[in-house]
Amino acid sequence: MTTTTRPLRHGPTARIELTWPVDLAASLDEGQAFGWSAPESDDGWWIGVVSGQPLRVRHVEADSKSPGALEVAARPPDGDAEQAASMVSRYLRLDDDLAGISEALSADAVLAPIERRWRGLRLLRQEPWECLVSFVISAQCHLPRIKRNMQNLAEACGAADEAWGQTVYRVPEPDVVAQLGEARLRQIGLGFRAPFLASAAAMVVEGALSLAALRAMPRESARETLLTLKGVGPKIADCILAFSLDHTEAFAVDRWVSRAVSRLYLNDERLPEDRIAAWGRNRFGPRAAYAQQLLFQEERENAMRERGLPGSVIIRERRLRRARATHE
């Protein structure tokens, strides 16, 4: 990755030259993170928060011969575009051996065509507290409601900012969430999830839980620690491990992944989720989280297409582009 900085009307932007494709829509807005705003015009800018800093990012100049580049801007007037680019690079895991991961996953005959279709899908490296909050809130929720709950939490905690003419929502710090308390969390719409989030915030504030320490632990030990939290089951624990703690051997299983594994690998045999998770770890090893995301995206889009569900505007546009590319 190389970066260059140039001025724009809304502040300077840093440029990240890519060596591997990036699909921002699939990576930022389809189940790993819940705080990004899709482009509101054809300028392509995604707006969100990384490590507490509002920024925006867009993919430019990609074609059949080149993966193009990412342009990254920090919030004007004082934002540091180079620092923002460094944060985006880490967040999108551009430091991973993406070509090597692709080659290894493509060695699996079933996964190979899926990997080609979703080659730009990136595994995110979020801040652990942000990821924990997001997935505790996500329990038994569809995507629009998760986003709405995250916005309500930010507004209640004074963690909503203005940038580029729109509101951006930060994940509040644990002490602020703890001070808000269970009753207020229920009032803003978290329902049965409120005591889970209140408890997690209190544990972090009191020092009973160190999320940073989980990154250095073996996966199983870190997973066992997360499972002691109220409201955190195996799927949420594995999402936190994979999407924020660098445990890429985690294989999170939800209904989409369960269906994909059953349909594509097991002749429609249904297995318990814990057995599927173990199967995924054994089959894909240190790349299990990447395989899981590919299977999640593939099965979810197949279901929407078969049921005639439109999906988001971004999904529809991407589906049309993929269909055109297939016939070119």
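**Exercise 1.** In this predicted model, decide whether Cys 239 is buried or exposed, and explain why the sulfur of Cys 239 forms no bond with the closest cysteine sulfur.

*Solution.* Begin with the surface: Cys 239 has a relative accessible area of 4%, and because buried means under 20%, Cys 239 counts as buried. Next take the distance: the closest cysteine sulfur belongs to Cys 131 and lies 7.2 Å from that of Cys 239, whereas a disulfide needs the two sulfur atoms within 2.5 Å, so the gap is too far for a bond.

**Exercise 2.** Find how many disulfides the structure has, and then consider Cys 141.

*Solution.* The count comes to 0 disulfides. Cys 141, accordingly, is in no disulfide, and the nearest cysteine sulfur, that of Cys 239, is 14 Å away. Cys 141 has a relative accessibility of 17%, and therefore counts as buried.

**Exercise 3.** Work out which kind of aromatic pair Phe 34 and Phe 135 form, and which parts of the chain the pair ties together.

*Solution.* The structure holds 9 aromatic pairs. In the pair of Phe 34 and Phe 135, the ring centres are 5.4 Å apart and the planes stand at 70°, so the pair is edge-to-face. Phe 34 lies in the loop between helix 1 (24-28) and strand 3 (46-50), while Phe 135 lies in helix 5 (residues 128-137), so the pair ties together parts that are 101 residues apart in sequence. Both Phe 34 and Phe 135 are buried.

**Exercise 4.** State where the charged end of Arg 56 sits.

*Solution.* The charged end of Arg 56 sits over the ring of Trp 45, at 4.2 Å from the centre of that ring.

Technical notes:
Residues numbered from 1 in each chain as written. Predicted model: local features only at pLDDT ≥ 70, side-chain atom pairs only at ≥ 80, totals over all residues. Heavy atoms only, no water. Buried < 20%, exposed > 50% of the residue type's maximum accessible area, 1.4 Å probe, protein only. Phe/Tyr/Trp six-rings, centres within 6.5 Å; stacked < 30°, edge-to-face > 60°. Helix = DSSP H or I, 4+ residues; strand = E, 2+ residues; numbered from the N terminus. Lys NZ or Arg CZ within 6 Å of the ring centre and 35° of its normal.
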